[in-house]
Amino acid sequence: MELNDLQAQRAAKLEQLRAAGIDPFPPRCYRSHTIGAALAAFDELAAAETVITLAGRIIGARRVMGKIAFAHIEDGSGEIQLWLSRADIGDEWFERFRDQLDTFDIIQATGTLRRTKTGERSLFVRELAVLAKTINPPPEKWAGLQDVEERHRQRYLDLIVNRERRDIFRARACIISTMRRVLDERGFLEVETPVLQPLYGGAAARPFVTYHNALGQNLYLRIATELYLKRLIVGGFPGVYEIGKNFRNEGVDRSHNPEFTMMECYQAYADYHAMMALVEEMLDEICYAVHGTTTITYQGRELEFRPPWPRLAMADAIAERTGIDITQHPDLASLHAAIADRGLRVDRKASWAKQVDELFSEFVQPHLFQPTFIIDYPVAMSPLAKRIPGRPDFTERFEAFIAGMEIGNAFTELNDPFDQEERFREQLRAFAAGDEEAHQMDEDFINALRYGMPPTGGLGIGIDRLVMVLTDQPTIREVILFPHLRERSD
RNA sequence: GGGCCUCUAGCUCAAUUGGCAGAGCAGUUGACUCUUAAUCAAUCGGUUGUGGGUUCGAGUCCCACGGGGCCCA
């Protein structure tokens, strides 16, 4: 990699340090306090004139005058100003600070805490040391790093410069740890199931395919954890969950990334009503853990997480927004006629299920800003969910929507092996008819169901979207540390 | 996959009708013992995403390709 002028200048300074016998990358530092700890105990440390050693990255500009200099350092726990004078640290180190150290360099400073004339809490430095010389220059001092592409390609730089962005990922960790705590407290067992699967299933999506050399067979990156977790319910665990990456071979947009983080949990002897209650309680706790309140703002609009959330049947929701009652149009021709009657766009290529999904996505979903459960989905859209007793065309399924996004998906799990096999066959027919997202036949899963799975409630929550909502971010890219970007070729 | 927008110095951005590629920040040199967008003076820095084309002349117009963004499917 060639160095540009600014990089070459810094590399030359690095060599000057070496020539003076200073290791520009020493193996360790000898700090006595984090900056955060020093600031927290500032008054006591200052009063006692305790000599402390801090370490951190020089941020912002160094302000070097003739015989004194100022700079701020930052270590992830806080920021503090350094006060340096030629008299205190000597000509050699004062000039070294001026001539060989730069913004972004990581240094160690020893001295005492005191306020400057303007009252700023500062470390009055007696000794300096280099911890890591930097080669790359900082972006613009005030505008910072704006370019979205560069922010994502060089997330490390984004995090250095736009330090408040670290809070998004701190919130993300808080969300996941709170979710884990809620599930643990309710007796769910955290498990790990295969990422590499001989057969993909559990969701409607196209998979990534890879090849296992030793086995000589294709394997798929999982699109969901569902079918493995339900095998564990068959195996006798009363409740299991997994938090991990799923992979779906699809495009990237504001709410989709090809790899994303999902939590799935399954509870034996429970149903989808129990899962709705779990979602309400869990998100209430998570929102409170992150914000200390259950009322938050997303993109300028207020969101209220406190339970209970509205429950709205999918057919009613569609009827309300379009005037079309899908329960009165159980076949494609009749549904198309009803859509045409309303002057709405008919999708001639779509199956009945797909057409219903389009009506819902276009006319209902954008209105679901407040946390809402849409319940009772058509069986044709829900090949893994149990039918509603007495209404065999609909299933005990819900999806949770927040800010117009699908955040969660849950059912009373289908545990009838014969019905499940028939549902898979229906999916195979859809696949043969061109639906590339249709489910595959999983005979081993059928076999598991033949050993008996108790009535079970299952739930999946898309973590990335939940983080978006709880950190007020408009795109999924901003809540994923290293979002997928095309390789650059010049 | 389609439409629109965008790519200029390390970074943030200008450049009128097609007419000398510029500024701020950072950097460099000098002055300066309480600054904090430090100040003052001087100064370095460009294959305008890539490749073609039109033209006396292209950052600007045309074509292709690449990256990114927004919207749609």
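Q: Which residue in E3 stands opposite phenylalanine 70?
A: In this predicted model, E2 and E3 pair in the antiparallel sense over seven bridges. Strand E2 covers 68–74 and strand E3 covers 79–85. The residue opposite phenylalanine 70 is tryptophan 83 in E3.

Q: Which residue in the turn between E2 and E3 has a positive phi?
A: E2 and E3 form a hairpin, with four residues between them. One residue of the turn has a positive phi of about 95 degrees. That residue is glycine 76.

Q: Which residue in E2 stands opposite valine 64?
A: E1 and E2 pair in the antiparallel sense, over five bridges. A hairpin of three residues joins the two strands. Opposite valine 64 stands alanine 69.

Q: Which element gives the largest share of the surface near RNA strand B?
A: Helix H1 (5–19), strands E1 (52–64), E2 (68–74) and E3 (79–85), and helix H5 (148–153) each supply at least two residues of this surface. The largest share is four residues. These four come from E1.

Q: Which residues come nearest to RNA strand B?
A: There are 43 residues around RNA strand B, counted by a C-beta atom within 6 Å of the strand. Five of them are named as coming nearest. They are Gly66, Thr116, Thr118, Glu140 and Lys141.

Q: How many residues of the surface near RNA strand B are charged?
A: The surface is divided by class. Nonpolar residues number 14 and polar residues 13. The charged residues number 16.

Q: How far apart do the C-alpha centres of domain 1 and domain 2 lie?
A: The domain assignment of chain A gives domain 1 as 5–138. Domain 2 is given as two segments, 164–310 and 370–479. The distance between their C-alpha centres is 49 Å.

Q: What radius of gyration does chain A have?
A: The C-alpha atoms of chain A fill a box of roughly 90 × 50 × 50 Å along the principal axes. A compact globule of 490 residues would have a radius of gyration near 23 Å. For chain A the value is 29 Å.

Q: What percentage of the contacts in chain A between residues at least 6 apart in sequence join residues at least 24 apart?
A: Chain A has 15 helices and 20 strands. Of its 490 residues, 35% count as buried. Among contacts between residues at least 6 apart in sequence, the share joining residues at least 24 apart is 62%.

Note on methods: Residues numbered from 1 in each chain as written. Chains lettered and ligands numbered in written order. Predicted model: local features only at pLDDT ≥ 70, side-chain atom pairs only at ≥ 80, totals over all residues. Nonpolar A, V, L, I, M, F, W, Y, C, P; charged D, E, K, R; others polar. Pairing = 2+ DSSP bridges. Domains from an automatic or database assignment. Rg over C-alpha atoms; globule rule 2.2 N^0.38 Å. Buried ≥ 20, exposed ≤ 12 C-beta atoms within 10 Å, placed from the backbone. Contact = placed C-beta atoms within 7 Å.
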